[in-house]
Amino acid sequence: MDRIELPPPGRRRSSLQRMGLSHRQRDRVIDWTLVALAVVFGTAWMAAIVHAVASDTPRPGLSRGIAANPLSPAAPAPAVYLLDAALTRFARDPEVRGYSGQVNIVVHEPGSPTPLPADIEEDTEIELVSEEGDTMVATPSTPPRPGVWNVLVRVRNEIRQVPDLTVLSVVPLTEKRSGRIGSYVIGTWPHEDGSTPRTPAYAAPRGMVRVTPDNLDLPVSRHFRLRHFVTKGQENVWPKYVLISPRLLDKLELTIDELERMGHPVRRVGVISGFRTPSYNAGGGDTAGRGALSRHMYGDAMDWFIDNDGDGRMDDLTGDGRAGVADLRVMVEAAERVERRYPDLAGGIGVYPPTGAHAGFIHIDTRGYRARW
């Protein structure tokens, strides 16, 4: 008599068992069922990608978009993936943000392409919006007119502003007449007559950034604003014009980062002098210590100090109860470390002890070669 295998007491027989299949047969049915499900899911995934490409949605090269489950109702739109990728590109690009990642401006000069990332996804457009509300697509063949422009990223019908980034498109120096642009006195740079400077760093600028009461407090980096580069004097003359170097901003922010690594938090800075027009450099205020080729005239120098307590004087960094040259030397050491780490930011570093005229400060510039005083 054949024996009948009964399930253990209290356990129900599965549907496969009720069909009379052996263990091996049941395993094969399960294996083939899983294979079939995998084929169906994979086919649906590939179909979604093909449909996205055919309908002008993102390119399959964007890994995050491909990795998402296209069958999920909550899956983000493909355009959002491209938008996030472009914004991340802006946030991390050292050509835009500097080594510090804290530079908030790019400066556009006449005849140059807009200095924005060129290797973003092909479906992505960069748009610029002016202070007046004018909008344009940023391409090499259509440079922005002079002014301050916010940066937007568009992917089809998705658009988002790039945070903390502004394009400063300069006014060409050809607008200068008799040493002025409009009513603002500027003067004349050495070699503006076309003569050859000793290095390209001393060539006359091609244009200047227009400053108005509305953009005076524009954050050009984490710790500095556009007002920090305005030349003293001509208080009631608007607009004003400045030169400003993103490389200098990067070096300043890196120096602040280094100070904080050294145990000196920086919440506020004091600025003695940023950009100086050639006219002011020659005869404005106390001209002691000014060179005829001062880097201040080229927008890549700053005289500054740490002023966390806001009293307008250099802070006591050493903890000896007084602010003086020793504290300035702490700043110098931080700047020296930055130059050793980033040789392409080499330049001048100078110490100016406290006097009756000022609170003590250091000078930093990015002239391209080492200079110390």
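**Exercise 1. A charged network**

Is Arg340 buried or exposed? Classify Arg340, then find its salt-bridge partner and the network that the pair belongs to.

*Solution.* Keep in mind that the model is predicted.

Step 1. Arg340 has a relative accessible area of 55%. The cut-off for exposed is over 50%, so Arg340 is exposed.

Step 2. The salt-bridge partner is Glu333, and the closest N and O atoms of the two are 3.3 Å apart. Glu333 has a relative accessible area of 29%, so this residue counts as partly exposed.

Step 3. Follow the shared partners: salt bridges join Glu258, Arg261, Glu333, Arg337, Arg340 and Arg341 into one network.

Step 4. Within the network, Glu258 forms a salt bridge with Arg341, with 3.1 Å between the closest N and O atoms. This pair links distant parts of the chain, as Glu258 sits in helix H6 (residues 246-261) and Arg341 in helix H8 (residues 325-341), 83 residues apart.

Step 5. Now check the accessibility of these two. Glu258 is buried at 4%, whereas Arg341 is partly exposed at 42%.

**Exercise 2. Two helices in contact**

Describe how H6 and H8 pack, and sort the contact residues by character.

*Solution.* Start with the geometry, then turn to the residues.

Step 1. The axes of H6 and H8 are 8 Å apart and the helices pack at an angle of about 115°. Their crossing is right-handed.

Step 2. From H6, the contact takes in Lys251, Leu254, Thr255, Glu258, Leu259 and Arg261. From H8 come Val330, Met331, Ala334, Ala335, Arg337, Val338, Glu339 and Arg341.

Step 3. Sorting these residues gives 7 nonpolar, 1 polar and 6 charged.

Step 4. Look back at the salt bridge between Glu258 and Arg341: both residues are also on the list for this helix contact.

**Exercise 3. A salt bridge within a loop**

What does the salt bridge between Asp217 and Arg227 tie together?

*Solution.* Begin with the distance.

Step 1. The side chains of Asp217 and Arg227 meet at 2.6 Å, N to O. The cut-off for a salt bridge is within 4 Å, so the pair qualifies.

Step 2. Both residues lie in the loop between strand S9 (207-211) and strand S10 (240-242), so the pair ties together parts that are 10 residues apart in sequence.

Step 3. Both residues are partly exposed: Asp217 has a relative accessible area of 39%, and Arg227 has 38%.

Step 4. For the overall tally, the structure holds 19 salt bridges.

Step 5. While you are in this loop, visit Pro239, which is also found between S9 and S10. The peptide bond from Trp238 to Pro239 is cis, with omega near -5°.

**Exercise 4. Strand partners**

Work out how S5 pairs with S1 and S4, and which strands stand at the edges of the sheet S6-S9-S10.

*Solution.* Take the pairs one at a time.

Step 1. Strand S1 (residues 105-108) runs parallel to strand S5 (residues 158-169), with 4 bridges. Val106 has Val167 of S5 as its bridge partner.

Step 2. Strand S4 (residues 147-155) is antiparallel to S5, over 8 bridges. Here Arg154 is matched with Ile159 of S5.

Step 3. S4 and S5 form a hairpin with 2 residues between them, and Arg156 in the turn has a positive phi of about 55°.

Step 4. Asp164, in strand S5, has phi near 55°, a positive value in a residue other than glycine. Asp164 is exposed, at 56% relative accessibility.

Step 5. In the other sheet, 3 strands are ordered S6-S9-S10, with antiparallel pairing, and the sheet is open. Strand S6 (171-172) and S10 each have a single partner strand, so one side of each is left without a neighbour in the sheet.

Step 6. S6 and S9 are joined by 2 bridges, and Val171 has Met208 of S9 as its bridge partner.

**Exercise 5. A buried aspartate**

Where is Asp307 found, and which residues does it touch?

*Solution.* Locate the residue before listing neighbours.

Step 1. Asp307 belongs to the loop between strand S12 (301-306) and H8. Its relative accessible area is 5%, so Asp307 is buried.

Step 2. Leaving out residues up to four places away in sequence, Asp307 touches Arg268, Val269, Gly270, Gly312, Arg313 and Asp315.

Step 3. Compare sequence with space for one of these: Arg268 and Asp307 are 39 residues apart in sequence, with 5.4 Å from C-alpha to C-alpha.

Terms used
Residues are numbered from 1 along each chain as its sequence is written. This is a predicted model: local features need pLDDT of at least 70, side-chain atom pairs count only at pLDDT 80 or more; totals for chains, interfaces and linings use all residues. Side-chain values use heavy atoms; hydrogens and water are left out. Two strands pair if DSSP finds at least two bridges between them. Buried means under 20% relative accessible area, exposed over 50%, partly exposed in between (1.4 Å probe, protein chains only). Axes are lines fitted to C-alpha atoms, for helices over the stretch in contact, and angles run from 0 to 180 degrees between N-to-C directions. A crossing is left-handed if the near helix is turned anticlockwise from the far one by less than a right angle, and right-handed if clockwise. Contact means heavy atoms within 4.5 Å. Ala, Val, Leu, Ile, Met, Phe, Trp, Tyr, Cys and Pro count as nonpolar, Asp, Glu, Lys and Arg as charged, and the others, Gly among them, as polar.
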